[in-house]
Amino acid sequence: MRKLLTFAFVLLACAPAWSQPRAENLRVATRLVKPFVFEEKGQLTGFSVELWQEITKQMNVKSEFIVKPSVKDLLASVNSHEAALGISAISITAEREMQLDFSQPMFDAGLQILTSAQGAEGSLLGNIVAGIFTRDFLVMIGIVILLLAVPAHIVFFLERRPNGGLLTHRSYFPGIFEAAWWAAATLATQADQMPKSAAARVAAIIWMFSSVVLIAYFTASVTSSLTLQQLRGDIKGPEDLPGKRVASVKDSTSVEYLRQHNVEVAEFAKVEDAYQALQQDQADAVVYDSPVLLYYASHEGKGKAQVVGPIFRKENYGIVFPDKSPLRKRVNEALLKLRENGAYDQLYKKWFGGNGS
């Protein structure tokens with residue numbers, strides 16, 4: 001009897017501890033995409049991260065993030081139950097809804113176009129300067145200067161005669177400059193004198209024919225640069241994208257849209273790689289989610305890139321769950337509370353300005 005009483009006492013003493021529910025620790029899949037999720041001082045931050053932190057407070061749960069390299073990997077992680085849910089900048093689509101569940105929309109977005117700032121509308125002189133002074137143009141100028149040195153030296157050595165030569169100076173300096181001036185004038189078909197010696201005249205004739213080829217190539221290169229510059233400046237909306245070099249992010253809804261509209265697209269693993277392709281003249285435009293492009297254009301890409309045209313293919317971001325997940329209802333309730341108490345609007349204003357309602 002005494003042992004039974006002792007055992008009952010132990011059960012009563014331990015009952016409060018056993019009755020306490022075990023705290024949930026949810027694994028949350030995400031991916032890095034500014035300004036929704038990114039690393040700062042070794043910690044994840046951004047609109048989506050802070051929104052999820054507010055949701056966990058409402059749900060009274062703990063969580064840990066697992067970072068995935070792409071949307072495809074994120075969705076696969078949730079679908080396989082490696083993660084209880086996923087949050088970042090994830091568009092809600094009918095195709096994704098067939099295998100997964102989404103929360104109510106947490107952000108209104110859409111697609112937009114990013115172009116190089118050099119493609120902006122500006123003065124005619126500014127566009128001409130930007131179109132001409134390219135790397136290829138400067139390389140061509142360097143080659144022409146080197147080629148000028150060849151006929152200049154031939155004329156210098158053959159025409160520095162005491163009497164009757166083309167040159168008035170026999171010394172290397174300034175005689176070579178006088179010969180170089182003649183070679184440049186011949187290139188521009190402005191030479192008013194011809195060499196006197198037979199060998200120099202043969203060299204002069206060869207240089208004249210070479211000059212015709214160089215001038216033709218130069219004219220074609222400049223015209224091509226100006227035409228390309230004008231084409232880039234003509235991108236003002238999605239209807240201008242066919243025929244252009246367009247970059248986007250692999251497995252995104254922007255790639256799906258571009259293919260549906262017969263636009264050739266170069267896919268990159270990260271949007272940062274697409275930005276780099278634009279700045280390195282490997283792409284004429286980047287098509288991706290509007291808030292992501294706007295954030296880049298006003299921060300890291302300020303002065304280098306600009307967002308053009310209206311938002312098209314409007315879409316919503318949501319939090320993604322495995323099919324029939326019991327968490328979906330609880331997260332939706334938390335989102336509604338955040339919208340009702342103004343916490344969502346404060347968070348939206350912090351990251352994007354304005355009001356997110």
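Biologist: Two strands pair if DSSP finds at least two bridges between them, right? Then which residue in S11 is the bridge partner of Ala-109?

Modeller: Glu-315. Strands here are DSSP E runs of at least two residues, and helices are H or I runs of at least four, numbered from the N terminus. This is a predicted model, with local features needing pLDDT of at least 70 and side-chain atom pairs 80 or more, while totals for chains, interfaces and linings use all residues. Numbering starts at 1 along each chain as its sequence is written, and side-chain values use heavy atoms, without hydrogens or water.

Biologist: How many bridges join S7 and S11, and in which sense?

Modeller: Eight, antiparallel, with S7 covering residues 107–116.

Biologist: What's the strand order in that sheet?

Modeller: S9-S8-S10-S7-S11. The sheet is open, has five strands and shows mixed pairing. S9 (265–268) and S11 (305–317) are at the edges with a single partner strand each, so one side of each has no neighbour in the sheet. From one strand to the next, the twist averages 25 degrees (axes are lines fitted to C-alpha atoms, for helices over the stretch in contact; angles run 0 to 180 degrees between N-to-C directions).

Biologist: Switching to helices. At what angle do H2 and H12 pack?

Modeller: About 105 degrees, and their axes lie 9 Å apart. H2 is residues 47–59 and H12 is 327–340. The two helices are therefore roughly perpendicular (65 to 115 degrees).

Biologist: Which residues meet there?

Modeller: From H2, Leu-51, Trp-52, Glu-54, Ile-55, Gln-58 and Met-59. They meet Leu-327, Arg-330, Val-331, Ala-334, Leu-335, Lys-337 and Leu-338 of H12 (contact is heavy atoms within 4.5 Å).

Biologist: What classes are they?

Modeller: The contact of H2 with H12 has nine nonpolar, one polar and three charged residues (Asp, Glu, Lys and Arg are charged; Ala, Val, Leu, Ile, Met, Phe, Trp, Tyr, Cys and Pro nonpolar; the others polar).

Biologist: New topic. How much space is in the second largest pocket?

Modeller: About 420 Å³. On a 1 Å grid over the protein atoms alone, a pocket is an open set of points with protein on both sides within 12 Å along at least five of seven lines, and lining residues have an atom within 4 Å of a point. Volume is the space filled by probe spheres (1.4 Å) set on points joined across faces, edges and corners.

Biologist: What lines the pocket?

Modeller: There are 17 lining residues, and Leu-75, Glu-95, Arg-96, Asp-251 and Glu-256 are the closest to its centre. H3 (71–79), H4 (94–97) and H9 (253–260) each give two or more residues to the lining. H3 gives the most, five.

How values were computed
Pairing = 2+ DSSP bridges. Parallel < 35°, antiparallel > 145°, perpendicular 65-115°, else oblique.
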